[in-house]
Amino acid sequence: MSQIQVTSPRRCATKQNHNHNFDLSFLWKLLSTIFTALLAVVLLVWLVLRPSKPSLSVDQASLYRLSLSDTSLVNSSVQLTLRVSNPNGRLGIYYDEFHVSASYRGQRIADPVSFPPFYQGHEDHDLLSASLDGNNLPVGPYFGSEVAGDQVEGKLRVNFAMDGRFRWKVGTWVSGKYRINVECVTTMDFGQGSLTGQLTFRQGSQCSTVL
Ligand SMILES: *[C@@H]1O[C@H](CO)[C@@H](O)[C@H](O)[C@H]1NC(C)=O
């Protein structure tokens, strides 16, 4: 009787030890799985936090009309083509909202235009065209003399402001929304020195992007 009483706890102990070993290897697998998952998340976050911002520039811009009334109201017609590029090799971009507006010396000369949402794949380029029109838009009292001054100089600077919201896409994962603001300055040449004809921008535009 006493012998059985002695061996029984030992057997029990070995059994417990076995269970313990099993628990340890299970725990190790669990930990390494969690570690791998964490590493994947960190890698994903790194990819998302260190992407190159979308690149925007003015591909072509023409001013077809810019007329000013005696009461400082402007009519205008601008044709614009933007080049939008995604420089990232591993990230796609969903452009959910995208607006463009035109201004001259801080004064809006055309109503803003919205582009429909679109997706841009890895290292893709897109050309977006828009017609911006202004109808009886109020401008400051010096607008006319500023344009006349630029006419003498032979160059007219038109600013295009783009703002939008986009999401990054990594594999099947899609990020939250980010804002993008781009400001481009284009210089248009006065061909015959008049505003009646078409002004086309010839020189490269300068754009600055803020996320
Ligand atoms: C602007 O357009 C409106 C109608 O579209 C016209 O009545 C007005 O005279 C125009 N103004 C100028 C300065 O051309």
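Arg 157 touches Val 185 and Thr 187, leaving aside residues up to four places away in sequence. In this predicted model, Arg 157 has its place in strand 8. Arg 157 is partly exposed because 14 other C-beta atoms lie within 10 Å, a count between the limit of 12 or fewer for exposed and that of 20 or more for buried. Asp 189 is 32 residues from Arg 157 in sequence, and the C-alpha to C-alpha separation of the two is 8.9 Å.

**Strand 8 and its partners**

Strand 8 covers residues 155-170. The pairings of this strand are listed below, each with one bridge partner.

| Partner of strand 8 | Sense | Bridges | One bridge pair |
|---|---|---|---|
| Strand 3 (residues 92-104) | antiparallel | eleven | Ser 101 and Ala 161 |
| Strand 9 (residues 173-174) | antiparallel | two | Lys 169 and Val 174 |
| Strand 10 (residues 178-189) | antiparallel | twelve | Gly 164 and Ile 180 |

Strand 10, which spans residues 178-189, runs antiparallel to strand 8 and is joined to it by twelve bridges. Within this pairing, Ile 180 of strand 10 stands opposite Gly 164. With strand 3, strand 8 forms eleven bridges, again in the antiparallel sense, and Ala 161 of strand 8 is the bridge partner of Ser 101.

Strand 8 and strand 9 make a hairpin with two residues between the strands, and in this hairpin Gly 171 takes a positive phi near 60 degrees. Two bridges join these antiparallel strands; in one of the bridge pairs, Val 174 of strand 9 is the partner of Lys 169.

**The ligand shell**

Which residues surround the ligand? They are Ser 67, Leu 68, Ser 69, Asn 75, Asn 135 and Asn 136. By class, five residues of the shell are polar and one is nonpolar, with no charged residue present. Strand 1 (55-68) and strand 7 (125-138) each contribute at least two residues to the shell.

**The chain as a whole**

How many helices and strands does the chain have? There are two helices and twelve strands. Their order along the sequence is α-β-β-β-β-β-β-β-α-β-β-β-β-β. The chain has 211 residues, of which 20% count as buried. Of the contacts between residues at least 6 apart in sequence, 70% join residues at least 24 apart.

How values were computed. Residues are numbered from 1 along each chain as its sequence is written. This is a predicted model: local features need pLDDT of at least 70, side-chain atom pairs count only at pLDDT 80 or more; totals for chains, interfaces and linings use all residues. Helices (H or I, at least four residues) and strands (E, at least two) are DSSP runs, numbered from the N terminus. Two residues are in contact if their C-beta atoms, placed from the backbone, lie within 7 Å. Two strands pair if DSSP finds at least two bridges between them. A residue is near a molecule or strand if its C-beta atom, placed from the backbone, lies within 6 Å of it. Ala, Val, Leu, Ile, Met, Phe, Trp, Tyr, Cys and Pro count as nonpolar, Asp, Glu, Lys and Arg as charged, and the others, Gly among them, as polar.
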